[in-house]
Amino acid sequence: MNISDLDNGTGGNGTGNGQGRAADGIDESVTAELARLRDSIDNIDAAVVHMLAERFKCTQQVGHLKARHQLPPADPGREASQIARLRELAENAKLDPAFAEKLLNFIIAEVIRHHETIAAGEE
């Protein structure tokens, strides 16, 4: 059995209802652990969404400040230092730095798009 068997409910060793087995044949302790881990993942996902919302509130304020003072939407120097800082944080956290950089680049692109919208007076 592999993890995809657990995820789609097809796993286990048949249809037996032996002691400690759910109707689908998966050991109840495995089902409980899977549910516990998924609950943790759901909580983390919710925290990530809320943190991103807070981050974007701050970057919106930056966009308005830049627009008022005719500053460009992008700041390549700041972006480069943020990428380097995030890569180091990722390494220290045992997260793939390339993944962290891709994520930050995606966020930066969205922030720049917001700043361009603000500068054009569309917000």
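How are R113 and E110 separated in helix α4? Being three residues apart in that helix, R113 and E110 are separated by about one helical turn. The legends below describe this pair and other close-up views of a predicted model.

**Figure 1. Overall view of the predicted chain, an arrangement with four helices and zero strands.** Read along the sequence, the elements follow the pattern α-α-α-α. Of the 123 residues in the chain, 20% are buried. The chain exposes about 8,800 Å², and carbon and sulfur atoms supply 58% of that area. Among contacts between residues at least 6 apart in sequence, 44% join residues at least 24 apart.

**Figure 2. Close-up of the crossing between helix α3 (residues 76-92) and helix α4 (residues 97-119).** The two axes come within 9 Å and cross at roughly 145 degrees. The crossing of α3 and α4 is right-handed. On the α3 side, the contact is made by E79, Q82, I83, L86, R87, A90 and E91. Helix α4 contributes P97, A98, A100, E101, L104, N105, I108 and I112. Sorted by class, the residues of this contact comprise nine nonpolar, two polar and four charged ones.

**Figure 3. Close-up of the salt bridge between R87 and E101.** The side chains of these two residues meet at 2.6 Å, N to O. R87 lies in helix α3 and E101 in helix α4, so the pair ties together parts that are 14 residues apart in sequence. Both residues also belong to the contact of α3 with α4. R87 counts as partly exposed, at 27% relative accessibility. E101 is likewise partly exposed, with a relative accessible area of 25%. By the rule applied to the chain, the count comes to four salt bridges.

**Figure 4. Close-up of the salt bridge between R113 and E110 in helix α4.** The closest N and O atoms of the pair are 2.5 Å apart. Within the helix, three residues separate the positions of R113 and E110, which means about one helical turn. R113 is partly exposed, with a relative accessible area of 44%. E110 also counts as partly exposed, at 25% relative accessibility.

**Figure 5. Close-up of the salt bridge between R36 and E33 in helix α2 (residues 28-68).** The side chains meet at 2.7 Å, N to O. R36 and E33 both lie in α2, three residues apart, about one turn of the helix. The relative accessibility of R36 is 44%, and this residue counts as partly exposed. E33 is partly exposed as well, with a relative accessible area of 37%.

**Figure 6. Close-up of T59, a buried residue in helix α2.** At 12% relative accessibility, T59 falls under the 20% limit and therefore counts as buried. Leaving aside neighbours within four places in sequence, T59 is in contact with V111 and H115. The C-alpha atoms of T59 and I112 are separated by 9.2 Å, although the two residues are 53 apart along the chain. I112 is also one of the α4 residues that make the contact with α3.

**Figure 7. Close-up of Q70 in the loop between α2 and α3.** Most residues other than glycine have a negative phi. Q70, although not a glycine, has a positive phi of about 50 degrees. This loop residue counts as exposed, at 69% relative accessibility.

**Figure 8. Close-up of K94 in the loop between α3 and α4.** K94 has a positive phi of about 65 degrees and is not a glycine. The relative accessible area of K94 is 75%, a value over the 50% limit, so the residue is exposed. The helices on either side of this loop are α3 and α4, whose axes come within 9 Å.

Definitions and conventions. Residues are numbered from 1 along each chain as its sequence is written. This is a predicted model: local features need pLDDT of at least 70, side-chain atom pairs count only at pLDDT 80 or more; totals for chains, interfaces and linings use all residues. Side-chain values use heavy atoms; hydrogens and water are left out. Helices (H or I, at least four residues) and strands (E, at least two) are DSSP runs, numbered from the N terminus. Buried means under 20% relative accessible area, exposed over 50%, partly exposed in between (1.4 Å probe, protein chains only). Contact means heavy atoms within 4.5 Å. Accessible areas come from the Shrake-Rupley method with a 1.4 Å probe; for residues, only the protein chains shown count as cover. Axes are lines fitted to C-alpha atoms, for helices over the stretch in contact, and angles run from 0 to 180 degrees between N-to-C directions. A crossing is left-handed if the near helix is turned anticlockwise from the far one by less than a right angle, and right-handed if clockwise. Ala, Val, Leu, Ile, Met, Phe, Trp, Tyr, Cys and Pro count as nonpolar, Asp, Glu, Lys and Arg as charged, and the others, Gly among them, as polar.
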